[in-house]
Amino acid sequence: MTKGGLCVKLKNFADHHYHPDRLLHPLKRVGPKGSGQFARVSWDEALETIRSEWSKIVREYGPEAIMPHAYLGHQGTINGLTSGDAFFNRLGSTIAEKTYCESGSSTAWLMTVGPTGGLDVESLAHAKYIIVWGMNMVNTNLHAWPFILEARSKGAKVVVIDPVRSKTAKQADWHIAIRPGTDGALALGMMNVMMCEEDLIDHDYVEQYTLGYEELKARAAEFPPERVEKITGIPADDIRSLAREYATTQPSAIRQGVALERSPGGGDAIRLITMLPALTGAWRYVGGGTVEMPIWEFPFNFDFMCRPDWIRPGARVVNELDLGAALTGEMGLLPPIQSLFVYNSNPVSQAPDATKIEKGLLRDDLFMVVSELFITDTAKYADIILPAAMQGEVIDLMVTWGHLYASLNQPAIPPPGECVSNSELFRRLARTMGFNEPHFALTDEEMLIGSYHWDASQFEGITLERLKELGWMRLNVGLPHERAPHAEGNFRTPSGKCEFKSSLAASGNFVAEVWRSGYTSMQPGNFVDPVPTFIPPGESRQDSPDQATRFPLNLLSSKAHAFLNSQYGNEPLQQKRQGEQVIVINPADATSRGISAGSYVKVFNDRGEFEAKAQLSEDVTAGLIMTNVGHWPGHNRRGSAVNATTAPRHCNLGNAGVFSDNLVEICAI
Ligand SMILES: Nc1nc2c(c(=O)[nH]1)N[C@H]1C(S)=C(S)[C@@H](COP(=O)(O)OP(=O)(O)OC[C@H]3O[C@@H](n4cnc5c(=O)[nH]c(N)nc54)[C@H](O)[C@@H]3O)O[C@H]1N2
Ligand SMILES: Nc1nc2c(c(=O)[nH]1)N[C@H]1C(S)=C(S)[C@@H](COP(=O)(O)OP(=O)(O)OC[C@H]3O[C@@H](n4cnc5c(=O)[nH]c(N)nc54)[C@H](O)[C@@H]3O)O[C@H]1N2
Ligand SMILES: [Mo]
């Protein structure tokens with residue numbers, strides 16, 4: 001897939017394995033909370049401490065007083081996103097809803113086209129018009145870029161829609177600078193041109209393979225380009241040109257980025273964008289259509305992985321993005337969270353409202369366990385730390401975010417010291433807690449076998465044995481130069497059509513089950529409009545003018561080029577490559593605040609603050625500033641980073657985070 005190329009962030013992968021700071025043995029806290037003073041203990045002592053503390057908590061408060069917290073540290077099938085779910089469901093703990101990323105996008109995608117992989121990024125080579133929408137592809141999805149370059153060498157036009165003139169935008173034929181959180185309005189404006197002003201619709205396709213055209217047209221009629229210009233900041237005539245070019249240059253393709261979900265209306269924006277190729281019939285062509293996350297072609301057996309059958313009826317669900325409020329008591333949880341078990345995640349760096357999380361983690365009555373590779377800003381607060389194995393040390397089948405291959409990760413070296421994989425961690429914890437179910441005695445390979453429906457058509461010809469020989473295999477979903485998965489409809493929604501009017505919406509808001517430990521919540525009363533619309537940002541100069549008088553700048557936080565979220569942020573060569581935490585600011589905004597290039601500034605709002613070095617650039621328009629997420633707060637000046645300022649609110653679908661919806665002020669220091 002990468003044609004032999006390696007992401008910059010993985011250039012020093014071997015150094016990472018042999019990093020002198022790597023945790024090799026269990027530790028227990030010996031100083032005050034958060035002091036970072038630990039002493040080595042045996043695995044037996046660590047597990048016995050967990051057993052006795054948890055037993056006490058369960059006796060006094062019940063098992064829901066224990067909460068896991070996990071996300072994307074490991075990206076494999078048995079050590080990644082769903083690892084540990086079965087254990088915690090069996091324990092009866094609070095269910096942690098894991099919606100840091102993709103839950104909004106995927107919920108929108110599933111509502112509109114169903115669990116399909118969509119357009120293969122390799123097929124982009126055959127497209128004539130390509131929109132990269134809310135994604136800094138050159139940074140975060142580099143393996144797809146060569147296919148775009150190939151298309152362009154054959155004459156394709158490349159458009160990037162991004163508030164920032166990102167690395168990717170700089171390489172585009174056309175950069176459309178949109179106000180953050182207004183992508184839904186732009187999609188509706190394009191639809192207005194296509195459906196109302198001009199007739200640029202493939203009526204035959206719409207007739208056969210879609211549901212709710214008239215309702216969508218009525219919605220689009222509310223969004224003429226002149227109105228959309230006011231919302232998005234994009235000139236009306238540019239909206240017209242974009243709609244016309246996109247609809248009439250086939251095959252046209254849209255690569256959607258996760259940034260689209262990071263605003264209050266992100267879910268509906270993604271539904272609207274996902275509908276565009278059905279309106280124009282772009283799905284008819286190889287290289288036409290849209291792609292969000294093709295993971296849906298993997299035939300997971302979530303029931304096996306997560307064991308939702310062990311969830312007690314009415315079990316409590318707490319969203320991980322609300323961790324601060326959950327820990328400090330602000331949420332008023334009964335029973336309160338008395339123990340937090342963190343693995344595969346680094347919330348002090350990656351979760352919103354991090355200042356409040358740190359306050360919660362200082363609670364003396366909170367028993368905190370962390371399974372980690374390093375003493376991160378989060379692990380620093382633990383009572384017990386358990387050493388984890390790295391990806392190069394354990395077997396797993398890697399799931400994909402941007403292609404259609406199954407890759408078997410086979411251990412290159414054994415784990416050092418007393419490090420264990422997440423799968424082994426939960427085997428040990430289950431034994432410690434006396435859980436005798438056969439599930440907890442499965443070997444890694446047995447878990448891998450159980451985690452997939454190997455007889456599914458996508459896995460035809462694929463076996464664990466063949467993967468061991470070959471390393472990777474393409475899913476059986478058609479070849480990139482032939483694949484047109486929805487040329488004849490075949491959407492995987494309840495109606496089998498692309499749903500402009502969602503039949504799932506009628507059942508209320510829902511979070512796609514993978515983010516919920518296999519627990520699907522169809523909460524009545526949490527109503528989603530069956531026909532998507534534009535939902536304005538929560539924090540912006542246009543939408544919250546009062547707040548904007550104190551905090552007039554909208555702060556975006558993109559992924560760092562040299563880090564993977566916060567991973568590799570402690571790797572000296574990677575740090576050198578990334579440089580220190582900077583804040584990119586328009587010269588006009590800098591001058592009016594007396595900020596000069598290269599000076600340090602404080603970025604702040606009511607939630608918190610961090611410091612960064614000012615970089616003056618026209619890459620951001622006045623009113624917008626940008627920084628990167630992933631620098632370790634503890635390595636920054638004053639020990640904090642961007643998430644000290646971000647808000648723990650949710651996008652309208654999938655309870656995703658709204659990291660782009662953030663007003664701040666900055667000042668020279
Ligand atoms: N190097 C590197 N690669 C990574 C990662 C990493 O940490 N480092 N992380 C991985 C992960 S977990 C993920 S989820 C992906 C995410 O990868 P992407 O989908 O690319 O997401 P981001 O980097 O958050 O943002 C991409 C662009 O969206 C823009 N943006 C922000 N808000 C909006 C908005 O409201 N509308 C529009 N149109 N654009 C907006 C930003 O300016 C930015 O240029 O990257 C993955 N790849
Ligand atoms: N401001 C802002 N915040 C964001 C985002 C943003 O764009 N802006 N993006 C969000 C997104 S898209 C994502 S995906 C999240 C990511 O949030 P996280 O998943 O919390 O991010 P990571 O920094 O990768 O942290 C994973 C931790 O797991 C550890 N780890 C790695 N492998 C293993 C393992 O095998 N076992 C165990 N036990 N631990 C392991 C790593 O050392 C690391 O400390 O961040 C979100 N936060
Ligand atoms: Mo992510």
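These legends go with close-up views of ligand 1 and its surroundings in a predicted model.

**View 1. Who sits around ligand 1.** Here we look at the shell, made up of 32 residues surrounding ligand 1. T140, D162, R262, F563 and N565 are the closest of them. By residue type, the shell splits into 16 nonpolar, eleven polar and five charged.

**View 2. Polar atoms facing ligand 1.** Two of the pairs shown start from a nitrogen atom of the ligand: one lies 3.2 Å from a polar backbone atom of I161, and one lies 3.5 Å from a side-chain N or O atom of K9. On the oxygen side, an oxygen atom of ligand 1 is 3.4 Å from a polar backbone atom of K559. As for cover, ligand 1 on its own has 920 Å² of accessible area, and the protein covers 97% of that.

**View 3. Where the shell comes from.** Two elements, α5 (137-140) and β21 (553-559), each give two or more residues to the shell around ligand 1. β21 gives the most, with three residues. Zooming out to domains, the shell takes at least three residues from domain 2 (104-295 + 488-508) and at least three from domain 3 (545-668).

**View 4. The annotated stretch, residues 22-431.** An unreviewed UniProt entry labels this part of the chain "domain: Molybdopterin oxidoreductase". Within residues 22-431, helix accounts for 37% and strand for 15%. The C-alpha atoms at the two ends of the stretch are 26 Å apart.

Notes. Residues numbered from 1 in each chain as written. Chains lettered and ligands numbered in written order. Predicted model: local features only at pLDDT ≥ 70, side-chain atom pairs only at ≥ 80, totals over all residues. Heavy atoms only, no water. Near = heavy atom within 4 Å. Polar contact = N/O pair within 3.5 Å; in protein donor to acceptor, adjacent residues only side chain to side chain. Areas by Shrake-Rupley, 256 points an atom, 1.4 Å probe, with all protein chains shown as cover. Helix = DSSP H or I, 4+ residues; strand = E, 2+ residues; numbered from the N terminus. Nonpolar A, V, L, I, M, F, W, Y, C, P; charged D, E, K, R; others polar. Domains from an automatic or database assignment. UniProt positions renumbered as here; feature names shortened; annotations may be inferred.
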